[in-house]
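Biologist: I would like a close look at one helix and the neighbours it packs against. Please take me through the contacts, the crossings and the aromatic rings.

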Amino acid sequence: MIDSKEASAALADIDDIVQRVKQSQLYELASLAALWWGVLVFAGNLVTWAWPFYARYAWPAVDILGVGGLIAIRLLTPSQVQTQTRAFDVRIVLVFALFFAFGNICTDVLGHFGPRELGAFWPIYFMLFYTLAGLWFGYAFVAIGLGIIALTLIGFFYIGAAFPLWMAFVNGGGLILGGLWMRRI
């Protein structure tokens with residue numbers, strides 16, 4: 001028979017293992033999402049750099065494919081984290097609708113941002129929420145978010161006409177590297 005201290009220690013160990021498994025599953029899903037968005041954002045920035053006229057078509061396509069891909073990842077990836085909430089949750093769509101609506105109000109209504117400002121705002125805006133999520137879900141999100149924000153600001157102030165190319169590697173490449181890093185944690 002075990003005493004209450006041993007039982008408490010055993011339960012604490014079990015709880016620690018459960019938390020680690022949940023975090024690893026969260027990182028697995030987040031890494032797939034980061035890789036998906038990284039590829040799309042890389043392509044969107046390359047289009048913006050090489051064919052600026054087509055950027056107005058590329059970015060809505062990136063956003064639609066990105067959100068659609070996230071929904072597919074959520075629905076198609078088996079995970080213990082999702083077993084209780086396997087059904088489609090309309091709140092996810094509402095989060096993205098509010099996210100993009102607020103961003104568009106800031107950039108189009110209040111700010112009237114030009115292409116360069118848009119190229120800096122959206123990655124910083126996305127990475128703000130990525131970094132905030134990291135305060136709850138793990139340091140990898142914080143590191144990736146702050147790193148991309150810092151490199152975006154460096155590029156905005158110091159990189160000239162090649163800023164979209166810089167952002168392809170900083171934002172798209174940063175998300176891809178971050179996604180690969182989270183797969184190893």
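Modeller: What follows centres on helix α4 and its two partners, α3 and α5. Keep in mind that this is a predicted model.

Start with the setting. The protein has six helices and zero strands. Along the sequence the pattern reads α-α-α-α-α-α. Of the 185 residues, 34% are buried. Take the contacts between residues at least 6 apart in sequence: 64% of them join residues at least 24 apart.

Now the helix itself. α4 covers residues 115-137, and α5 covers residues 139-158. Their axes come within 7 Å and cross at roughly 160°. Angles over 145 degrees count as roughly antiparallel, so α4 and α5 are roughly antiparallel to each other. The crossing of α4 past α5 is left-handed.

Which residues in α4 meet α5? The α4 side includes Arg116, Glu117, Ala120, Pro123, Ile124, Met127 and Leu128. Tyr130, Thr131, Gly134, Leu135 and Phe137 are also on the α4 side. From α5 come Tyr139, Phe141, Val142, Ile144, Gly145 and Leu146, among others. Ile148, Ile149, Thr152, Leu153, Gly155 and Phe156 are also on the α5 side. The residues of this α4 and α5 contact divide into 17 nonpolar, five polar and two charged.

Pick out Thr152 in that contact. Thr152 sits in helix α5. Its relative accessibility is 1%, so Thr152 counts as buried. Set aside the neighbours within four places in sequence. Thr152 then touches Ala120, Pro123 and Ile124, among others. Its contacts also include Phe163, Met167 and Val170.

Turn to the other partner. The axes of α3 and α4 come within 11 Å and cross at roughly 145°. Here the crossing is right-handed. On the α3 side are Phe99, Phe100, Phe102, Gly103, Asn104, Cys106 and Thr107. They meet Leu118, Phe121, Trp122, Tyr125, Phe126 and Phe129 in α4. The residues of this contact split into 10 nonpolar, three polar and no charged.

That brings us to the rings. A pair of aromatic rings is described by the distance of the centres and the angle of the planes. With centres within 6.5 Å as the cut-off, the count is 25 aromatic pairs. One of them joins Phe100 and Phe126, with 6.0 Å centre to centre and 65° between the planes. That pair is edge-to-face. Phe100 belongs to helix α3 (residues 90-110) and Phe126 to helix α4, and the two are 26 residues apart. Phe100 is buried, with a relative accessible area of 14%. Phe126 counts as partly exposed, at 23% relative accessibility.

A second pair involves α5. The ring centres of Tyr139 and Trp181 are 6.0 Å apart and the planes stand at 70°, so this pair is edge-to-face. Tyr139 is in α5 and Trp181 in helix α6 (residues 163-184), so the pair ties together parts 42 residues apart in sequence. Tyr139 counts as exposed, at 54% relative accessibility. Trp181 is partly exposed, at 34%.

Finally, the cluster. Trp37, Phe96, Phe99, Phe100, Phe102, Phe113, Phe121, Trp122, Tyr125, Phe126 and Phe129 form one aromatic cluster. Phe100 and Phe126, the edge-to-face pair, are among its members. Phe121, Trp122, Tyr125 and Phe129 also appear in the contact of α4 with α3.

Conventions. Residues are numbered from 1 along each chain as its sequence is written. This is a predicted model: local features need pLDDT of at least 70, side-chain atom pairs count only at pLDDT 80 or more; totals for chains, interfaces and linings use all residues. Side-chain values use heavy atoms; hydrogens and water are left out. Axes are lines fitted to C-alpha atoms, for helices over the stretch in contact, and angles run from 0 to 180 degrees between N-to-C directions. Helices (H or I, at least four residues) and strands (E, at least two) are DSSP runs, numbered from the N terminus. Angles under 35 degrees count as roughly parallel, over 145 as roughly antiparallel, 65 to 115 as roughly perpendicular and the rest as oblique. A crossing is left-handed if the near helix is turned anticlockwise from the far one by less than a right angle, and right-handed if clockwise. Contact means heavy atoms within 4.5 Å. Ala, Val, Leu, Ile, Met, Phe, Trp, Tyr, Cys and Pro count as nonpolar, Asp, Glu, Lys and Arg as charged, and the others, Gly among them, as polar. Rings of Phe, Tyr and Trp (its six-membered ring) pair if their centres lie within 6.5 Å; planes under 30 degrees apart count as stacked, over 60 as edge-to-face and the rest as tilted. Buried means under 20% relative accessible area, exposed over 50%, partly exposed in between (1.4 Å probe, protein chains only).
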